[in-house]
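Thanks for making time for this today. I would like to walk you through one model, beginning with its charged pairs and then moving on to the way its elements are arranged.

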Amino acid sequence: VEVPPSMICWRLRAFSRLLPLTHSSCAYIPYRSISTPSSSSSPPPPSPPHQWLVIAKDGTDADALKRRMAARPVHMVRAKAATEAGSIVIGGAVLDEKDLHMVSSMLVIDGFATKEEVRQFLKEDPYTTMGVWQDIQILPFRFAVLRGQK
């Protein structure tokens, strides 16, 4: 799609970031579209950096909590190592509202380019290998706010 030339207002800010401004106090830089090859063999543009949100639900059978508690010590060793390595940003148990028992897990994972890589990482977790997690949802995720960061 060809974009007609237009004028866009920008101001150079600290660290060379360009931010749009109001028309009252800015310089105008002409805008022209950059032509790209129309070949369908061109690779798609790279995806923006993001993390992965994982919601892993435990089974609902009578032995689900027993399986979780049996797998928990070895799961926590792996989770702590993965956190120190930077793969897990945050993680924890989701609790049942009624009796506050652990019923699923939530993780934010970083450093994996594809959903399949995340799936493989989770496949090797003791909660998966020992039958705790029965339903795993993996979603692209991007932090908007994070405590301790400005």
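**Salt bridges and the sheet**

Searching the whole structure turns up 6 salt bridges, and before I go through some of them, please keep in mind that this is a predicted model. The general idea will be familiar: side chains of opposite charge can pair when their charged atoms come close.

Let me start with Asp61 and Arg67, whose side chains meet in a salt bridge with an N to O distance of 2.8 Å. How accessible are Asp61 and Arg67? Asp61 has a relative accessibility of 37% and so counts as partly exposed, while Arg67, at 23%, also falls in the partly exposed class, because buried is reserved for values under 20%.

A second salt bridge joins Lys66 to Asp63, and here the closest N and O atoms are 4.0 Å apart, which still qualifies because the cut-off is within 4 Å. Lys66 is exposed, with 61% relative accessible area, whereas Asp63 is partly exposed at 39%.

The third pair I want to show is Asp125 with Arg78, where the closest N and O atoms lie 3.2 Å apart. This pair links distant parts of the chain, since Asp125 sits in the loop between α2 and α3 (126-129) and Arg78 belongs to helix α1, with the two positions 47 residues apart. Is Asp125 buried or exposed? At 5% relative accessibility, Asp125 counts as buried. There is also a network to note, in which salt bridges that share partners join Arg78, Glu124 and Asp125.

Now to the overall arrangement. The protein has 3 helices and 7 strands, and reading from the N terminus the elements follow the order β-β-β-β-α-β-β-α-α-β.

Within this arrangement there is an open sheet of 4 strands, ordered β5-β6-β4-β7 and paired antiparallel. Its edge strands are β5, covering 88-95, and β7, covering 133-141, each of which pairs on one side only. From one strand to the next, the twist averages 15 degrees.

If we look at β5 in more detail, 7 bridges join it to strand β6, residues 102-109, and the two run antiparallel. Two positions illustrate the register: Gly91 stands opposite Leu107 in β6, and Gly92 has Met106 as its bridge partner in that strand. The hairpin of β5 and β6 has 6 residues between the strands, and there Leu100 takes a positive phi near 60 degrees.

Which strands does helix α1 touch as it packs on the sheet? Helix α1, residues 64-84, touches β4 (51-58), β5, β6 and β7, and its direction makes about 15 degrees with that of β6. Helix α2, residues 115-123, lies across β4, β5, β6 and β7 and runs at about 145 degrees to β7. To tie this back to the charged pairs, Arg78 in helix α1 is the residue whose partner, Asp125, lies in the loop that follows α2 and leads to α3.

I will finish with the totals for the protein. Of its 150 residues, 23% count as buried, and the protein exposes about 11400 Å², with carbon and sulfur atoms supplying 60% of that area. Among contacts with a separation of 6 or more, residues 24 or more positions apart account for 59%.

Technical notes: Residues numbered from 1 in each chain as written. Predicted model: local features only at pLDDT ≥ 70, side-chain atom pairs only at ≥ 80, totals over all residues. Heavy atoms only, no water. Pairing = 2+ DSSP bridges. Axes fitted to C-alpha atoms, helices over the stretch in contact; angles between N-to-C directions. Contact = heavy atoms within 4.5 Å. Buried < 20%, exposed > 50% of the residue type's maximum accessible area, 1.4 Å probe, protein only. Areas by Shrake-Rupley, 256 points an atom, 1.4 Å probe, with all protein chains shown as cover.
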